[in-house]
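Biologist: Before we start, please show me the sequence and the model. I would like to ask about it piece by piece.

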Amino acid sequence: MLHSNLSVNENHHLTLCGADTAELAKKYGTPLYLLDETRVREKCRTYQRAMKTYFSPEARPLYASKALSFKGIYRLAKEEGMAVDVVSPGELYIALSAGMNPADIYFHGNAKTMADIRYAMDAGIGYFVADNKTELARISDYAKEKGIMQKVLLRITPGIDPHTFDAVNTGKVDSKFGSAIATGQAEEIFNYARSQAGIELCGFHCHIGSQIFDEKPFCDAADLMLTFMVGLRDKYGYTAKVLNLGGGIGVRYVESDPYIDIDDTLRLVGAHLHKICEETGYPMPQILMEPGRSLVADAGVTLYEVQNVKTITGYKSYAAIDGGMTDNPRYALYGSKYTVLLANRADEEADFTCTVAGRCCESGDLIGENMLLPKPNAGDILAVLVTGAYNYAMASNYNCIPKLPIVMIADGKDTLAVRRETYEDMIACQL
Ligand code: LLP
């Protein structure tokens, strides 16, 4: 199986974290998101242990909650002693509703409004990751009004192409995020931040992209960021306390994707950071990282019921399901690859090639093309693996299709964490 939390039981059913997925489909209905809570907790612990061991005892992972944002995941993050990053007041609201300590929240985004800034500062948010001068001026104004010093990290663009897909590349010089080192604008924004009253500049942030499968891009980013920081120390006598290296560690979606060992990757990045700090005499900053996908993706499985199978003679076959791009838009958006199987016939030979099609009125509503399954029948349960990240988070109500529930599984026991949206929920805002 693709990941160690997946298996097949004596009834030939797919299991996730020991729970029978075909039985869960019966109990909760389809379509349905499952999330292996045990897996997410293990990942949180791996990141924390590795970062403290290989970077420094102050190092800390922040959960990039854009990957999957609902109350239960923030509660889990809190229980695991994780900090989180949020990218909108909506995510901040959910994190606070779940009881997260605002001091453990980092607020991202390239277009924060004045209302966002006020809301976050009134809530006592730990850090802003500031993107631009206008934002800094707004933070400064409101901090002065409140009579506080607001902690800030500056988002810097190191100028790196990690060679993943374009939609998630963020570290290149012409990115919409942050200020580039290469153009001199990073130094400019640093000086600007230092000149603004009410701002406590704690350090720097960069994020180079997503689905990265080796340590090299992170080491390259660390090189560029530390060179920049050493330059500022030598020129202005400023030493940063914090360096946030962003998220981006990749996840295996299909057998042909590489396997990445998080602990080993962090060990190599840590060794590299220690080496640069020794060479330059820069004191090791508190290192932060922001894993999203790698904390939650392989904990997720989505279950659908097959509605019909259609073969267009001489062309291709479709298996149509009761969900699709509204609960998983990633194939439609990025052409992302997934592994599928039949949850109720999980050990049968997969010798039928088909396109798995969603139920929306749109030809591009697909989960994937040329997918291999045992020949499905109407009523079979189709499982799409590795759907924990950027699925629920990116779900929509297109075609007025209600959003799916999330069932969390801990040590084989299932609990409903998000209920299924009703038609009433969908019209709740409509007057
Ligand atoms: N930090 C920052 C500033 C980010 O922009 C992101 C992701 C992360 C951390 C987390 O990166 P991760 O560890 O999840 O790779 N919707 C796309 C992914 C967009 C990623 C956006 N930023 C997808 O479905 O692949």
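**Strands, helices and charged pairs**

Modeller: This is a predicted model. Both faces of strand β6 (residues 83-86) are covered, with Ala83 and Asp85 buried on one side and Val84 and Val86 buried on the other.

Biologist: Which residue of β6 is the bridge partner of Leu62?

Modeller: Strand β5 (residues 60-64) runs parallel to β6, and three bridges join the two. The bridge partner of Leu62 in β6 is Ala83.

Biologist: What is the hand of the β-α-β crossover from β5 to β6?

Modeller: Between β5 and β6 the chain passes through helix α3 (residues 71-79). The hand follows from the path seen with the strands pointing away from the viewer: clockwise from the first strand over the helix to the second counts as right-handed. This crossover is right-handed.

Biologist: Which residues of α3 are buried?

Modeller: Buried means under 20% relative accessible area. In α3 that describes Gly72, Ile73, Tyr74, Leu76 and Ala77.

Biologist: Which residue just after α3 takes a positive phi?

Modeller: Helix α3 covers residues 71-79. Just after α3, a positive phi of about 75° is taken by Gly81.

Biologist: Which residue in β7 is the bridge partner of Val86?

Modeller: β6 also runs parallel to strand β7 (residues 105-107), over three bridges. With helix α4 (residues 89-97) between them, β6 and β7 make a right-handed β-α-β unit. The bridge partner of Val86 in β7 is Phe107.

Biologist: Why is one side of β1 and of β3 left without a neighbour in the sheet?

Modeller: Three strands form an open sheet in the order β1-β2-β3, paired in the antiparallel sense. β1 (6-8) and β3 (19-20) stand at the edges, so one side of each has no neighbour in the sheet. The reason is that each has a single partner strand.

Biologist: Which residue in β2 stands opposite Leu6?

Modeller: β1 and strand β2 (residues 14-16) are antiparallel and pair over three bridges. Opposite Leu6, in β2, stands Leu16.

Biologist: Now the charges. How many salt bridges does the structure hold?

Modeller: Side chains of opposite charge can pair when their charged atoms come close. Here a salt bridge needs a side-chain nitrogen of Lys or Arg within 4 Å of a carboxyl oxygen of Asp or Glu. One network of such links takes in Glu37, Arg41, Arg45, Glu79 and Glu80. The number of salt bridges in the structure is 23.

Biologist: What separates Glu23 and Lys26 in helix α1?

Modeller: The side chains of Glu23 and Lys26 meet in a salt bridge, 3.5 Å from N to O. Glu23 is partly exposed at 36% relative accessible area, and Lys26 is exposed at 64%. The two are three residues apart in α1 (residues 21-28), so the separation is about one helical turn.

Biologist: How many residues apart in sequence are the parts tied together by Arg60 and Asp104?

Modeller: Arg60 and Asp104 form a salt bridge, with the closest N and O atoms 3.0 Å apart. Arg60 is in strand β5 and Asp104 is in the loop between α4 and β7, so the pair ties together parts separated in sequence by 44 residues.

Biologist: Is Asp104 buried or exposed?

Modeller: The limit for buried is under 20% relative accessible area. Asp104 has 19% relative accessibility, so Asp104 counts as buried.

Biologist: Which helices hold Asp122 and Lys146?

Modeller: Asp122 and Lys146 form a salt bridge, with the closest N and O atoms 2.6 Å apart. Asp122 is partly exposed at 46% relative accessible area, and Lys146 is partly exposed at 34%. Asp122 lies in α5 (residues 114-123) and Lys146 in α6 (residues 133-146), so the helices are α5 and α6.

Biologist: Which side chain makes a polar contact with the side chain of Arg293?

Modeller: Arg293 lies in helix α10 (residues 293-296). Arg293 is buried without a salt bridge, and the nearest side chain of opposite charge, Asp257, is 9.0 Å away. At 2.8 Å, the side chain in polar contact with Arg293 is that of Tyr253.

Biologist: How many residues surround the ligand?

Modeller: Arg293 is among the closest, along with Ser210, Glu290, Arg330 and Tyr390. Polar side-chain atoms of Ser210 and Tyr390 lie 2.3 Å and 2.6 Å from an oxygen atom of the ligand, respectively. For His207, a polar side-chain atom is 3.5 Å from a nitrogen atom of the ligand. The number of residues that surround the ligand is 20.

Terms used
Residues numbered from 1 in each chain as written. Predicted model: local features only at pLDDT ≥ 70, side-chain atom pairs only at ≥ 80, totals over all residues. Heavy atoms only, no water. Helix = DSSP H or I, 4+ residues; strand = E, 2+ residues; numbered from the N terminus. Buried < 20%, exposed > 50% of the residue type's maximum accessible area, 1.4 Å probe, protein only. Lys, Arg positive; Asp, Glu negative; His and termini not counted. Polar contact = N/O pair within 3.5 Å; in protein donor to acceptor, adjacent residues only side chain to side chain. Pairing = 2+ DSSP bridges. Near = heavy atom within 4 Å.
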